[in-house]
Each structure stands twice: as C-alpha cells, then as structure tokens.
Amino acid sequence: DQDEYGFHCRVSNGEGVADSSVALLNVYTPAVPIEGYEWGMQLVNLPSQQEIDEFIGVGAKRVRINLDPGMTPRQGEGYNFFNYDRFLDGLHANGIKVMANLFGSNPPRTPAERAEFARWARFAVNRYRGRGIIWTFWNEPHDRAYWDPSNPAEYARAAVDVGRAIKRDFRNEFYTGPEAVPFEEIEPFIEVVFQEGVLRYFDAVSVHPYQWNLGPPEGASQLYSRVRALIARYAPPGKNVGIINSELGFSSAAVDRDPIYHGDPITQAKYVGRQMGTDLVSAVPVTTWYIWRDFLPGEFGEPDWSHFCGLVQYPLATLVYKLSWFAAYTMNGFLEGYSYQERLALGGPEDYVLQFTNCVSQRWAAWRTADAAEINFPLAPGNYRITNYLGDFSYTVTVDQGGRDFKLTDALQYIVPE
C-alpha cells in the first residue's frame, strides 16, 4: 500500500498476509543520492554567463539561489518562471547544479497560504525536475526576520505540505530543510519541527552551522553531532537522513561593532579549506560557502560582517579575486578526481591529516587548530610536492625510510606524490 510519503508492506506470517495485529513496515523509496562531495556557494543574485564561467573556474559544483514565488506571476493554471529559466538553464548547460531555496517575503502560515505555496512548489519542481537540484524550504525560520520563531509547528506544517506536494509525483527529487542555525538555544525549535513529522519528507537535514562567535570551522562538527542525535530520535524507522551544509561563511572585514564578528582576509582564506575538511570528516557531503561576492555599498542596508564573506569583490564594477578565491581554487584543484578516504590518526585532536584517493594514488591535506607544531608523517619513500593553501608557493621534499616530520600550521598544506 502507498501513502503520501512512502510505501507500506504487510509482514508475511508464512501463511499469506499477516492479520491486522502485525505492525506495518515502512519501506521508503529514497531520493537520488548526492554523488561524492560537492563544494558550492550562495549567490547574491541570479548570475550572468560571465559569472557562470567564473563559477566553473573556481571549481564550484553547486550554487544556492532563492526561488521566490513573488518572481513567478500566475499564468493560466500555472506560473511564469521566465525570471529564472535563463539562469537555471545556463547553470544546467554548464554542468553546475543548483540548491534552490523555496523562499519568499511572505511565509505561508495559514492553511490556504500553505496550500497555495505547496502548489507553486510542485509546479517549480515539475518544471526543473531531473537536474539534480536540492530543494530546500525557507531560510532560518527560527529567525523572526523570516518566520515566527515562537511557532516551530507552524513552519513544520508548511514544510510537510510542501514535501507531500513534491514527493507525491517526484519521489526522486531531493528535498531538505529546515535551513536552521543549530545553536544550542535553537535546538528546541528544531526538535519541535522534527516532532511534527518533517523527516518523513526531508531527504537530508540542511543546516547553517554558524557558531555564536563565528569561531573556526571545526566547531561545526559538534553542531552536526547534536543534529544527528535529534535525527536519530525522530527519523522514521529504516530511513537514513543525512546532513548537508547549506550555508556557512566567514568575513574578511572588521566592520561590526561587536569584535567577535571581526574577520580578516588571511583568516577567511584559511577557513575555506578547513570548512571543506571539517565537512568531509563529519560525513557532510555538501558544503555551501557564504557567499560568492561581497555586497556592493548600499546594496543591503548598513554593512555588517556578512557583507564581506565573498570570494570576490567588485570595486568600481571590476572583478577582483580575494585571497579566499585562491584558497577555493587551490582546494578544488587538489580535490579534482579524488575522493575523501579517512582522517589519519596522527598527532593529537588538534591535528587534521586527511587522506584522499583516486583508487590508484593517494594525496593528503593537513593542518592544525593550535599553534604550529611538527608531527611525524609515515609516508612511503619518494618525492612529494608540498603546496600552500593559496597555491602560490610549493616545494619538493624527499622522504626516506621512517617517514618525515612535517610542521603543521592553521593553514592547509597539500601533499602530493611526484
């Protein structure tokens, strides 16, 4: 038998179908899984072809955009997506996948609003189905700027309605939420959302793993652990619900009055690769850097830390690469053709040595979260190319029997056999 979110199979007792006293098993038809690891970016606005070329150049596999019902006017029995078609078609033609955040200025709170939004979402999914899009629902509903944080059940009902509308006909489309920042004080909001049954429809839980003090990326692993504990408590039996990072960024400027939000270009660039490494170690297959470009002066009100999280900037309408762009370019070049294998047990808990493989050879990315220190790395004898996190300096070392001592710092080093 089939219901709105999956299939039920009656348990056989060896003499035919069991009677009604035997419990039903849930057998879920999973969405198309995410293949490998994907690094991408949040966009400020819909991209030009020149920007799409830049996304390809830096190595992005996916970009996150907002899909707003206010930009798709009613047309007959459906909606007109002319504002999005050219951009989504251009990204698809260039091999860049999309994370489409179903999000607008007016949250669907009443039953009638939820029904209309779900109808629109189904129409959007039908239009762009089969492209490997990750469909997310809303943005940070625990924030009063986007929803009513005192009413998580209201958000959950809308998420369920949207999920039901999508999964009824497009079971292989990938649907996630709640796009929340999993601070400890926000966990009760997330828990109520899970209690309302959204995990029947979510193929993954999408989070924005910021820390309250915008601390180093490695702190996200603790946030992921807490979210996984909630998933284990509320996910339907037999359904594997993972986690994706749908937004996390770090500023390159010190513009906030609160010094905990201050950043600088060098630290921002170091965090690009460390965010990637943290997600890989944490079994999070999608990383979304916030954001592609810095905001322009006056573009979104008074500037704060979030306006300077970009990989590029456009002073005087001229594209300028920031240090973080070079870090992303170097990281993605290192990853090309390789898959994450494991974190090696070298050094202490502050030492990260990640091993990658293409089934023929191996390479490594290494850093530490404390002061610089040396660790012994038991590499096989041979020559190795060491490249820094920006890709602008490299040198060759020779390893003899017994490995070699490497000095690890808070910046990634890439180690590749020659």
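**Strands, a sheet and a helix pair**

Student: Leaving aside its neighbours within four places in sequence, which residues is Gly382 in contact with?
Tutor: Keep in mind that this is a predicted model. Gly382 sits in strand S19, which covers residues 382-388. Once neighbours within four places in sequence are set aside, its contacts are Val397, Thr398 and Val399.

Student: And how far is the C-alpha atom of Gly382 from that of Pro417?
Tutor: Along the chain, Gly382 and Pro417 are 35 residues apart. In space, their C-alpha atoms are separated by 7.5 Å.

Student: Is Gly382 buried, partly exposed or exposed?
Tutor: Buried would need under 20% relative accessible area, and exposed would need over 50%. Gly382 comes in at 25%, so it counts as partly exposed.

Student: On to the open sheet of eight strands: which strands stand at the edges?
Tutor: Read the order, S11-S10-S9-S8-S7-S4-S3-S12, where the pairing is parallel. An edge strand here has a single partner strand, so one of its sides is left without a neighbour in the sheet. That description fits S11 (242-245) and S12 (286-289).

Student: What does the twist average from one strand to the next?
Tutor: This value belongs to the open sheet of eight strands. From one strand to the next, the twist averages 30°.

Student: Zooming in on S3 and S4, which residue in S4 stands opposite Gly40?
Tutor: Strand S3 (residues 38-42) and strand S4 (residues 62-67) run parallel, joined by three bridges. Opposite Gly40, in S4, stands Arg62.

Student: Which strands does H4 touch where it packs on the sheet?
Tutor: The direction of H4 makes about 165° with that of S9. Packed on the sheet, H4 touches S7 (97-102), S8 (134-137) and S9 (174-180).

Student: What angle does the direction of helix H6 make with that of S11?
Tutor: H6 (residues 220-234) packs on the sheet as well, touching S10 (204-207) and S11. Its direction and that of S11 make an angle of about 145°.

Student: How are H4 and H5 oriented to each other: roughly parallel or oblique?
Tutor: The axes of H4 (residues 152-169) and H5 (residues 187-195) come within 8 Å and cross at roughly 40°. Roughly parallel would call for an angle under 35 degrees. The two helices, in a right-handed crossing, are therefore oblique.

Student: How do the residues of the contact of H4 with H5 divide into nonpolar, polar and charged?
Tutor: From H4 come Pro152, Ala153, Tyr155 and Ala156, meeting Phe189, Val192 and Val193 in H5. Sorted by type, they divide into seven nonpolar, no polar and no charged.

Definitions and conventions. Residues numbered from 1 in each chain as written. Predicted model: local features only at pLDDT ≥ 70, side-chain atom pairs only at ≥ 80, totals over all residues. Heavy atoms only, no water. Axes fitted to C-alpha atoms, helices over the stretch in contact; angles between N-to-C directions. Helix = DSSP H or I, 4+ residues; strand = E, 2+ residues; numbered from the N terminus. Parallel < 35°, antiparallel > 145°, perpendicular 65-115°, else oblique. Left-handed = near helix turned anticlockwise from the far one by under 90°. Contact = heavy atoms within 4.5 Å. Nonpolar A, V, L, I, M, F, W, Y, C, P; charged D, E, K, R; others polar. Buried < 20%, exposed > 50% of the residue type's maximum accessible area, 1.4 Å probe, protein only. Pairing = 2+ DSSP bridges.
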